[in-house]
There are 2 protein chains.
Amino acid sequence: MNRTDPGANLAALRDHNTAVVLGLLRCAGPAGASRAELATRAGLTPQAVSKITSRLRDTGLAAEAGRRASTGGKPATALRLVPGAAHAVGVHLDRDALTVTLVDLTGTETATRTAPLDFGAGAEAVLDAVAGAVTALLADHATGDVLGAGVAVPGPLDHRSGVLHRVTGFPRWDGFPLRDALGERLGLPVVVDKDTNAAALGLALRTPRATGSFAYLHLGTGLGAGLVLDGGVHRGPRTGAGEFGHQVVQVDGPLCACGDRGCLEALCLAAVTAGDTARAARLLGIGALNLVRLLDIDSVLLGGGAVLARPTAYVDGVRDVLGGAVPVDVVPEGARVVVGGAAELVLAPLFGV
Amino acid sequence: MNRTDPGANLAALRDHNTAVVLGLLRCAGPAGASRAELATRAGLTPQAVSKITSRLRDTGLAAEAGRRASTGGKPATALRLVPGAAHAVGVHLDRDALTVTLVDLTGTETATRTAPLDFGAGAEAVLDAVAGAVTALLADHATGDVLGAGVAVPGPLDHRSGVLHRVTGFPRWDGFPLRDALGERLGLPVVVDKDTNAAALGLALRTPRATGSFAYLHLGTGLGAGLVLDGGVHRGPRTGAGEFGHQVVQVDGPLCACGDRGCLEALCLAAVTAGDTARAARLLGIGALNLVRLLDIDSVLLGGGAVLARPTAYVDGVRDVLGGAVPVDVVPEGARVVVGGAAELVLAPLFGV
DNA sequence: CCACTTTGGCAACACTGTTGCAAAAGCGCA
DNA sequence: TGCGCTTTTGCAACAGTGTTGCCAAAGTGG
């Protein structure tokens, strides 16, 4: 038996409950929620919620927001997050583009910039570009409290240490300590994760009534997945989870770049290249079906360049294979889901995710 | 964002820490562990551990077990679980056999009975058989404290409500409330789960230094999996996770009983029937590789009738496909892993699993 | 105008793990 | 043998959590 969750003390208890309340407040949105509502939803007593929200108001993270209509007694006082109380930077490093964004405590994007990028130019050049873009973004929209920067990168890496592994096609990045290097440049705490995981995290926090488990399938220059199980991103012990594209769906099929045969990614991308969207969508659906059956997830969300170019075709094709077992949709934010999710890497701990 | 883990109060904090300490004691085995060791491992202060273990000694769950050798100071007092302080019953309902077992607090099997069973005979007959076997088992090995009975069943069901879904080939069981019906007969709390989940849980608790994530692959009359992610059994919202056998690995392949084409189970079982163990093992390995890549798990354990009949052939075949990515082994307990795991369904909450 | 309901705060409380200090019990060296 | 040192454990007082009991505030509905 492993012990990943060790003993907890009173401070941990307080932080946990505070995160739960903050999460409920975030879900409630600008309309807010009353103390009594929070108590019911969190399973705490009203008094406990009163104490917790009192601390939050002292910190400035939450504030009262008017009265609700009465339901037969004293009208409730709505509490809501103060959006400007904290900010986070999101960075999306793609093969040919750099996107940076600034989000507030509620996850709303305040400002976004995009610039072309040559990811293959090496660490120094890319770090310069990122630092420049982030500094300019912060200068234009000066805010007091920037908690840190979340960075979404394609390819394998170690989430905890923030070190890149072998980024396919970019050997110069092998083993680069991105988190520490960028953290030093920016003078901010930095969190690094795979682009698919960032997107999945963003969706988990963003969707108003997100279900407990879902998969984000990203079909772009590659094919990968971000998995949210029981409300949290499943990264695996080595941040290697989500290798959705290299599942074998055709034993002894065509050779894939990874060396195996019949990988879903190879088949799917071949269909995309051939312009056979129907076949690509069907193959994507087969992979999704395998995943749904193995993990019993609640819904499937599609994204990535290929999907966003022909959204309805892919949604219909995948739905057709899944046969209504679970809902299928395209991510509402489109390509922005990744950079938004990157920023959420910084905010998520506040909400206990 | 979902809120599956709501607010916690002091009682929850105490229970959590108690479970952590009990889990560590169970890992320590008969040799036990000192208070200082427990404190380090749990991340608690020695005083907190002293208080917690004091409560455990009052309850009778733990006891002192002699002195350790000194390491330069006062020698430590070893604490260990009292095996007989609590017992649990495990029931394994298979298509043609019934196995019941009695385990103590440490998960050690005290007594086991096996009898032939006609699962298709319907609920009443099977319940009679189970009740008879359990009563006889308890009469022979009278112990004071039996916490409950865990039941492992093949086929889909709802773990939380204990209601069976459609058990393949046995329509008479559709929608049967097994947990409540058996609970009433036995006069004990009953927990129901899929056989593969029970096995995985047993392995998670049993293995001395279990890694955080692994998969138990069961190749018998069907092909299924039990998944342990981050130390806990992943069942999915509807207890539907682990449908490992119906992943498509051959697009447009041969028809499977489930209606799809190219399912791993159909291909694998065909190879088993044809006596082509090498092919069956290779196919199993391909499925395992898909799973390892998707979830980044630490190890793969094989079980089930077909595997246990030719263990080395399967282990070698699967290892060959996985290429050393993760360790592969056959479950040490053999077929008993399921009934042992069934009993652990009852004990697991004590240890916070 | 008066019950009644609902919301939320104040004060006292019970219980958690924590801190400070001391005793117990061994080792090692003079 | 005596002394200092280390390590383990316990007692007592403490800080801080959520809880309970009670009550004021502020609406609705008769």
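Across all chains, a search of the whole structure finds 36 salt bridges, each being a side-chain nitrogen of Lys or Arg within 4 Å of a carboxyl oxygen of Asp or Glu. Between chain A and chain B the count is 8. This is a predicted model, in which local features need pLDDT of at least 70 and side-chain atom pairs count only at pLDDT 80 or more, while totals for chains, interfaces and linings use all residues. Residues are numbered from 1 along each chain as its sequence is written, chains are lettered from A and ligands numbered from 1 in the order in which they are written, and side-chain values use heavy atoms, with hydrogens and water left out.

**Salt bridges up close**

- Asp298(B) and Arg238(A) meet through their side chains in a salt bridge, at 2.8 Å from N to O. This pair crosses between chains, from the loop between α8 (277-295) and β14 (299-303) of chain B to the loop between β13 (232-233) and α7 (264-273) of chain A; helices (H or I, at least four residues) and strands (E, at least two) are DSSP runs, numbered from the N terminus.
- Asp298(B) counts as buried because its relative accessibility is 14%, whereas Arg238(A), at 38%, is partly exposed. For these words, buried means under 20% relative accessible area, exposed over 50%, and partly exposed in between (1.4 Å probe, protein chains only).
- Arg238(B) and Asp296(A) form a salt bridge too, at 3.0 Å from N to O. Here the pair runs from the loop between β13 (232-233) and α7 (264-273) of chain B to the loop between α8 and β14 (299-303) of chain A.
- Arg238(B) is partly exposed at 37% relative accessibility, and Asp296(A) is buried at 9%.
- Within chain B, the side chains of Arg235(B) and Asp193(B) meet at 2.6 Å, N to O. Arg235(B) sits in the loop between β13 and α7 and Asp193(B) in strand β10 (residues 190-194), so the salt bridge ties together parts that are 42 residues apart in sequence.
- Both partners are buried: Arg235(B) has 18% relative accessibility, and Asp193(B) has 0%.
- Salt bridges with shared partners join Arg26(A), Arg206(A), Glu333(A) and Glu344(A) into one network.

**Where chain A meets chain B**

- On each side, 65 residues are in contact with the other chain, contact meaning heavy atoms within 4.5 Å.
- About 5,100 Å² is buried between the two chains, and carbon and sulfur atoms give 53% of that area. Buried area is the accessible area (1.4 Å probe) that two parts lose on being put together, summed over both.
- One of the salt bridges here joins Arg282(A) to Asp252(B), with the closest N and O atoms 2.8 Å apart.
- α1, α6 (195-206), β12 (223-229) and α8 (277-295) of chain A each supply at least two residues of the side that touches chain B. α8(A) gives the most, with 9 residues.

**Around DNA strand D**

- Of the 28 residues around DNA strand D, Thr45(A), Gln47(B), Ser50(B), Lys74(B) and Thr77(B) come nearest; a residue is near a strand if one of its heavy atoms lies within 4 Å of it.
- Of the strand's atoms within 4 Å of the protein, 56% belong to sugar or phosphate and the rest to bases.
- A polar side-chain atom of Thr45(A) lies 2.5 Å from a phosphate oxygen of the strand.
- α3(A) gives the most to the surface near DNA strand D, with 5 residues.

Note on methods: A polar contact is a pair of N or O atoms within 3.5 Å; within protein, one must be able to donate a hydrogen and the other to accept it, and residues adjacent in sequence count only if both atoms are side-chain atoms.
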